[in-house]
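Subject: The structure for you to look at

Hi,

Here is the structure I promised to pass on. Have a scroll through it first, then read my notes below.

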Amino acid sequence: MKRVLYISVIAFIFTQAFHFIAASEVTDEDGRGWKAGIARVLITPEQSMWMDGYAARDHPSEGVLHDLWAKALVIEDSRGYKAVLVTSDIIGFPKHMSDRIRNRIGAKFGLTRSQIILNSSHTHSGPVIYDAFSNIYPLDQEQIKKAKEYSAKLEDQIVELVGKAIGLRLPAKIYSQNGVVRFQVNRRNNTEKTIEQINDLKGPNDYAVPVIKVVNEKGELMAVAFGYACHATVLSIYQFSGDYPGFAQIEFEKSHPGVTAMFFQGAGADQNPLPRRTIPLAQQYGRELAAAVERVLDEDMRELDPHLSTAYSEIDLQYAGAPPTKEELIQIMKESSSYPAYLKINAKSLIEILDRGESLGTTYPYPCQVWKIGDQPLMILGGEVLIDYTIELKKIFGPDIFVLGYSNDVMSYIPSESVLREGGYEGTRSAIFTTPWNVNIQSAILEEMTRQAEKIGVKMDKLSN
Ligand SMILES: [Zn+2]
């Protein structure tokens, strides 16, 4: 018994010494390490408004299930190079709004686009954001005014939030690791109605739970940022909530008072949380995700060197053909049965653009971004990105990368080449809803992500060479 205790004490001293050595390696020669600043702002609408996400909703919100938040994590490496991750319980930041926010953060705090991630959880229980799919809902003038006012205030709040997080920077250590949870279901290849009877669910999937842990100098947890690739569509009720990502953040923060939990949405636009539609299910998935994060924190995580690199570019993604003419759009509006109501509303808004003398264009400026925190790569994509992109990026860069979708601009689905060829809900529309993307979309995005990754020294996985 004593002998066992003796060995344990020696082992304990050894592991502590090892931890000390490991820790001393993650500061620069002059002893400088990371700094991190964390802030949050309440973004729950103060009044009833139209809700985002489902075109079929027919009346405004009725109350609040739980509050909505925007949160910011600013990290600064040993050279003083900074970047900010903003997460939010909204459907997405549309291009115009995201451009304005990032320009203002640039002017005020000197951060370029590569240094800013604006991610949204894509909750389908948030308010309508003006210009973010707002042209597919039956909004009257009062609801349009409310959406514009809410969105303008949100812009101000995000800029202030980033300033606050920058001001709160403290010496920190940063760790990363992937966990796993399996409630996402490929919604293209499994039937929701019979989901509880299916014993052989079909993929593709990616069950990773990327986790970033931030601790202070004493080793106390300050913040955790975690992701999952799955539509936030458990709930379709008329109460505001962050859906399962909202519950996951609440659950984690409940068991870690004073710690900020941030959720970033991954590239899982063809993944649904199934079964769904009840509040207890949203809470269950939230708890499962929070438990997956807890498990990662309880095991060894990789401590990251205080070196940060960021890259960003926009590429012109092509549509499959010429955009619709005014005559074609009028035809869509007239056809009573062959088009769903939201496409008709969208056609009307496209006609308004043409009537203003503007063109619908033949390409869309698509944002591609890569971060390297220590040796942890983050691949950050705009739009509703399908899971094939996560799988392909992991083939190129290895299984340890983190992949974020719904970042910096949420304009439409981003299907893989195979889904584009198959068609169906996610495959047939681009940023112009009546026209699909060009079939080269996948190779164009993956090539650009590889180019940006190479620029900042993200290594390709050995297996892919
Ligand atoms: Zn979606």
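What follows is a short tour of what turned up.

First, some ground rules. This is a predicted model, so local features need pLDDT of at least 70 and side-chain atom pairs count only at pLDDT 80 or more, while totals for chains, interfaces and linings use all residues. Residues are numbered from 1 along each chain as its sequence is written, and side-chain values use heavy atoms, with hydrogens and water left out.

How far can you trust it? The pLDDT (the predictor's confidence in each residue, from 0 to 100) averages 92 over the chain, and 92% of the residues score at least 70. Residues 1–25 are the part to be wary of: their pLDDT is below 50, and beyond near neighbours in sequence this stretch has four contacts (heavy atoms within 4.5 Å) in the model. Where pLDDT is low, the predicted coordinates should not be read in detail.

Now the metal. Which protein donors does the zinc ion have? They are His122 (NE2), His231 (NE2) and Glu384 (OE), at 2.0 to 2.1 Å from the ion. Donors here are N, O and S atoms within 2.8 Å of the metal (3.2 Å for Na, K and Ca); water is not among the atoms, so sites may look incomplete. Along the chain, the donors follow the spacing H-x108-H-x152-E. His231 and Glu384 are both buried (under 20% relative accessible area; exposed is over 50% and partly exposed in between, using a 1.4 Å probe and protein chains only).

Next, the inside. The largest nonpolar core (buried Ala, Val, Leu, Ile, Met, Phe, Trp, Tyr and Cys residues joined through side-chain atoms within 4.5 Å) has 48 residues. Ile43, Val84 and Ile101 are among those with the most contacts inside this core. Helix H3 gives the most to the core, with nine residues; helices (H or I, at least four residues) and strands (E, at least two) are DSSP runs, numbered from the N terminus. A second, separate core of 36 residues includes Ile332 and Met379. Back in the largest core, Val84 touches residues including Leu73, Ile117 and Trp371, leaving aside neighbours within four places in sequence.

One more helix is worth a look: H8 (residues 387–397) is mostly covered, with eight of its 11 residues buried. Just after H8, Gly398 takes a positive phi of about 95 degrees.

Finally, a search of the whole structure finds zero disulfides (pairs of cysteine sulfur atoms within 2.5 Å).

Cheers
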